Amino acid sequence: MIHTAICDLLGITHPVVLGGMGSATTAPLVAAVSNAGGFGTLGTSAFDAATLANEVAAICERTVKPFGINHLLFQIQEEMFAVTLRAKPAVVAFAWARKDQNLRDYFQRAHDAGCKVMHMAGEVAEALRATEAGADVIVAQGTEAGGHVGWMASLPLVPMMVKAVAPLPVLAAGGIADGRGLAAALALGAEGVLLGTRFMATPEAPLHTNFKQAIVDSDGHDTVLTEIPDLVSQRVWPGAMSRAQRNRFIERWAGREWAIRQNASALGKELAAARAAGDIDNASLSFGQDAGLIDSIKSVHDVVRDIVAEAEQIISGRLTSLIRG
Ligand SMILES: Cc1cc2nc3c(=O)[nH]c(=O)nc-3n(C[C@H](O)[C@H](O)[C@H](O)COP(=O)(O)O)c2cc1C
């Protein structure tokens with residue numbers, strides 16, 4: 001069995017973490033990952049304080065295993081953060097802070113509630129800032145990832161971050177969907193992996209079946225970095241682009257961003273309707289390049305089991321057999 005420092009730190013069996021994803025993580029998915037021996041994290045950006053409290057209660061009904069709650073720092077709301085602190089999850093996971101935000105203050109409040117602090121960064125400088133502010137775990141997110149991303153790819157970013165923040169444990173995120181990715185991340189010095197896209201193509205994920213199937217059907221070459229979904233939602237992210245499928249919706253607006261600004265609220269309604277209807281051409285579909293590695297919708301239990309088994313086999317089989325003398 002693969003056992004790393006992150007397993008001890010988080011009290012989990014397998015070094016496989018579900019990234020908190022607004023609108024793509026609800027209680028059944030979070031609890032399923034934790035029950036499978038990994039670590040589930042709840043995204044909060046689609047909730048208000050009351051729905052967040054309900055969702056946390058629903059996780060606790062489904063699992064006694066540790067889990068985390070994620071907050072996007074640039075838009076954090078006190079009322080929501082208070083719900084998280086009262087819930088005392090094993091981990092409070094942060095991402096996407098503005099440069100002028102005081103990380104130490106948020107991290108200290110999470111620590112005071114008895115939680116570990118995880119911080120996701122796409123650049124070494126941001127990882128160092130989080131380390132100095134007292135983070136317990138750093139997530140190195142490469143640009144291959146689904147959702148909002150920076151510019152650095154995982155292959156150089158992970159070892160750079162491992163070296164920069166040592167001895168803090170680093171989780172590799174972005175472009176990882178199977179045991180090959182876990183084995184590679186461990187080789188780069190990470191203590192485990194954090195996945196989004198792979199867990200979206202599971203029965204437990206709160207997405208329309210058409211979206212899950214779109215991930216399965218994608219060859220991984222059809223995503224693009226774009227600000228179009230954020231212009232529609234009128235949320236300005238601090239230094240992030242969104243990786244989304246280059247579908248009819250994106251092609252319709254690419255190069256006409258000014259027109260989105262003119263029509264944002266009407267477009268927002270159109271987008272929400274397309275999402276509810278499972279219209280994969282006219283909704284915004286955010287997933288990573290690793291969609292090209294995903295060829296079936298399978299249960300969270302099977303995802304975690306297969307990733308770990310494949311990584312073990314690669315490390316003890318192929319990689320070990322390469323050593324001579
Ligand atoms: C639809 C979607 C929504 C996401 N929302 C969040 C979020 O709210 N907070 C966060 O820290 N990361 C978010 N992420 C990023 C994931 O936590 C993770 O870094 C990423 O999915 C890893 O790359 P992968 O998709 O290639 O596995 C999101 C990703 C996706 C695909």
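The exercises below concern a predicted model and are each followed by a worked solution. In this predicted model, local features need pLDDT of at least 70 and side-chain atom pairs count only at pLDDT 80 or more, while totals for chains, interfaces and linings use all residues. Residues are numbered from 1 along each chain as its sequence is written, and side-chain values use heavy atoms, with hydrogens and water left out.

**Exercise 1. The ligand**

Task: Describe the shell around the ligand by residue, by class and by element, and then state which polar atoms lie beside the ligand.

Solution. Begin with the shell, where a residue is near the ligand if one of its heavy atoms lies within 4 Å of it. There are 22 residues around the ligand, and those that come nearest are Asn70, Gly175, Gly196, Thr197 and Asp290.

Next, sort the shell by class, with Ala, Val, Leu, Ile, Met, Phe, Trp, Tyr, Cys and Pro counted as nonpolar, Asp, Glu, Lys and Arg as charged, and the others, Gly among them, as polar. The shell then has 13 polar, eight nonpolar and one charged residues.

Then turn to the elements, in which helices (H or I, at least four residues) and strands (E, at least two) are DSSP runs numbered from the N terminus. At least two residues of the shell come from each of β3 (67–72), β9 (192–195) and α9 (197–200).

Finally, look at the atoms themselves. An oxygen atom of the ligand lies 2.8 Å from a backbone N or O atom of glycine 196, and a nitrogen atom of the ligand is 3.1 Å from a polar backbone atom of glycine 20. The side chain of threonine 197 has an N or O atom 2.6 Å from an oxygen atom of the ligand. Taken alone, the ligand exposes 600 Å², of which the protein buries 93%; these accessible areas come from the Shrake-Rupley method with a 1.4 Å probe, and for residues only the protein chains shown count as cover.

**Exercise 2. Aromatic pairs**

Task: Find how many aromatic pairs the structure holds, and work out why the pair of phenylalanine 94 and tyrosine 106 is classed as it is.

Solution. A pair of aromatic rings is described by the distance of the centres and the angle of the planes. Rings of Phe, Tyr and Trp (its six-membered ring) pair if their centres lie within 6.5 Å, and planes under 30 degrees apart count as stacked, over 60 as edge-to-face and the rest as tilted.

By this rule the structure holds six aromatic pairs. One of them joins phenylalanine 74 and tryptophan 237, which are tilted, at 4.8 Å centre to centre and with 55° between the planes. This pair links distant parts of the chain, 163 residues apart, since phenylalanine 74 lies in the loop between β3 and α4 (78–87) and tryptophan 237 in the loop between α11 (228–233) and β11 (241–245). Phenylalanine 74 and tryptophan 237 are buried, a term that means under 20% relative accessible area, whereas exposed means over 50% and partly exposed in between (1.4 Å probe, protein chains only).

For phenylalanine 94 and tyrosine 106, the pair is tilted because the ring centres are 6.4 Å apart and the planes stand at 55°. The former is in strand β4 (residues 91–95) and the latter in helix α5 (residues 103–112), twelve residues apart. Phenylalanine 94 and tyrosine 106 are both buried, and ring pairs link Phe81, Phe94, Tyr106 and Phe107 into a cluster.

**Exercise 3. Loops and backbone**

Task: Compare the settings of threonine 143 and isoleucine 280, and then identify the backbone feature at proline 167 and the sign of phi at serine 23 and lysine 88.

Solution. Threonine 143 sits in the loop between β6 (137–141) and β7 (147–149) and is buried, with a relative accessible area of 11%. Isoleucine 280, in the loop between α13 (257–277) and α14, is partly exposed, with a relative accessible area of 30%. Leaving out residues up to four places away in sequence, isoleucine 280 touches Asn210, Phe211, Ala214, Gln245, Asn247 and Leu285, where contact means heavy atoms within 4.5 Å.

For the backbone, alanine 166 and proline 167 are joined by a cis peptide bond with omega about 5°, and proline 167 lies in the loop between α7 (154–165) and β8 (170–173). Serine 23, a residue other than glycine, has a positive phi near 70° and is partly exposed at 39% relative accessibility. Lysine 88 likewise has a positive phi, near 50°, and is exposed, with a relative accessible area of 54%.

Terms used: Polar contact = N/O pair within 3.5 Å; in protein donor to acceptor, adjacent residues only side chain to side chain.
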